[in-house]
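Student: Could you take me through one part of this structure up close? I'd like to start with whatever sits around the ligand, and then see what the rest looks like.

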Amino acid sequence: MFPRSKSKWKPKPGGYIFMYVLRYDLFWQSHPFTIADFDDEHLIVYAAVKQGITAVLKNAIEAQSEKECTTPVLLEGQYGSRLRLGSYATVVYIAGGLGITALSQTILSNTEQKQSKLIWVITDKYPLEWFSEQLRKIKDLGTLTQIDIYYTRTHGESVKVPNSSPANSSTKTLYGTCASSQCNKEVSAITALNFHYYKPELRLLVSNEMIKEDAGTIAFVTCGPGSMSDGVRVAVSDQLLNSVARVDYFEENYSW
Ligand SMILES: Cc1cc2nc3c(=O)[nH]c(=O)nc-3n(C[C@H](O)[C@H](O)[C@H](O)COP(=O)(O)OP(=O)(O)OC[C@H]3O[C@@H](n4cnc5c(N)ncnc54)[C@H](O)[C@@H]3O)c2cc1C
């Protein structure tokens, strides 16, 4: 989380910054991170822990008893361009894991489509813990016609979907058991998510969208592991000749 001066700098959807950490052992490096969310006073990014700067920062946080630490940084940017998707009849967002952070501001800033769907594939419960606030904003926006979360590893975890839907919702409510009570509260407050307990057949999902007779114009927008984006890209290109729709494919990725 970075402090932000509201009047001077407005994050844009799809924007990312290069971060320099002003420590003697890191200051010469800069790394790109996507602005996943912001409020009047803060910018929020989420980082997957790898072996370099992200591991150093994780260790610095874990060394503190309250599991928080403050460190001076320089931010360069912002970079990136905004995807304008208003002219598509259907937009299908497909995120894998942390890739949701690159799509969330794009979803929040594109609200004109007749149909827009989000497919989010996560391996375990943890992303629901750190992304619940942003997920609620997306859901509350009310412009997504469908939100499907595919939870690919249920091993050893307690997550249940009640048999009957709540009276005021036509879809399932997710009750998750997360590590913290805060998470429990937040996840169970998010309703109208379709929750699935298997790995999705993305090729089939893409193909089903593209062969609809009234498909019109479709945009597929992905961000996730390379293999996931590769699969979606191949699925789109395989169906191009069978589809009456005008189809565009957009891909964000976190490799550099
Ligand atoms: C546009 C964009 C947005 C991104 N947004 C996010 C985000 O929101 N969240 C997130 O978790 N990740 C994001 N990433 C990826 C993120 O920048 C990397 O995960 C991060 O830089 C990893 O840092 P690390 O040193 O811990 O990684 P490691 O890959 O473990 O690095 C190990 C070592 O290799 C060096 N190294 C790594 N990459 C390079 C390189 N390209 N050139 C030279 N040396 C290198 C490092 O300095 C380090 O010494 C984004 C990437 C891009 C391109």
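Tutor: Sure, let's start at the ligand. It is surrounded by 20 residues, and the closest are His31, Lys50, Gln51, Gly52 and Thr54. Keep in mind that this is a predicted model. Sorted by class, that shell holds 12 nonpolar, seven polar and one charged residues. Where do they come from? Strand 3 (31–34) and helix 1 (53–62) each supply at least two of them, and strand 3 gives the largest share, four residues.

Now for the sheet. Six strands line up in the order 12-9-8-7-13-14, making an open sheet with parallel pairing. Strand 12 (194–196) and strand 14 (246–252) are at the edges with a single partner strand each, so one side of each has no neighbour in the sheet. From one strand to the next, the twist averages 15°. As a bit of background, strands of a sheet pair through backbone hydrogen bonds, either parallel or antiparallel.

Let's walk across it, beginning at strand 12. Three bridges link strand 12 to strand 9 in the parallel sense, and there Tyr150 has His196 of strand 12 as its bridge partner. Strand 9 (residues 146–151) is fun to look at side on, since its side chains alternate: Ile147, Ile149 and Tyr151 point to one face and are buried, while Gln146, Asp148 and Tyr150 point to the other and are not. Next, strand 9 pairs with strand 8 (residues 115–122), again parallel, over six bridges; in this pairing Lys117 has Gln146 of strand 9 as its bridge partner. Further along, strand 7 (residues 90–96) and strand 13 (residues 217–223) run parallel and are joined by six bridges. Tyr93 stands opposite Val221 of strand 13.

Tyr93 is worth a second look. Leaving out residues up to four places away in sequence, Tyr93 touches Leu103, Ile107, Lys117, Leu118, Ile119 and Val221. Tyr93 also belongs to the largest nonpolar core, which has 38 residues; together with Ile94, Leu103, Trp120, Ile218 and Phe220, Tyr93 is among those that touch the most other members. Strands 7, 8, 9 and 13 each supply at least two residues of this core, and so do helix 2 (100–109), helix 4 (132–141), helix 6 (202–210) and helix 7 (226–239). Apart from this core lies another, made of seven residues, including Tyr16, Ile17, Ala36 and Leu43. In soluble globular proteins, nonpolar side chains tend to be buried together.

Terms used: Residues numbered from 1 in each chain as written. Predicted model: local features only at pLDDT ≥ 70, side-chain atom pairs only at ≥ 80, totals over all residues. Pairing = 2+ DSSP bridges. Axes fitted to C-alpha atoms, helices over the stretch in contact; angles between N-to-C directions. Buried ≥ 20, exposed ≤ 12 C-beta atoms within 10 Å, placed from the backbone. Core = buried A, V, L, I, M, F, W, Y, C linked by C-beta atoms within 7 Å. Contact = placed C-beta atoms within 7 Å. Near = placed C-beta within 6 Å. Nonpolar A, V, L, I, M, F, W, Y, C, P; charged D, E, K, R; others polar.
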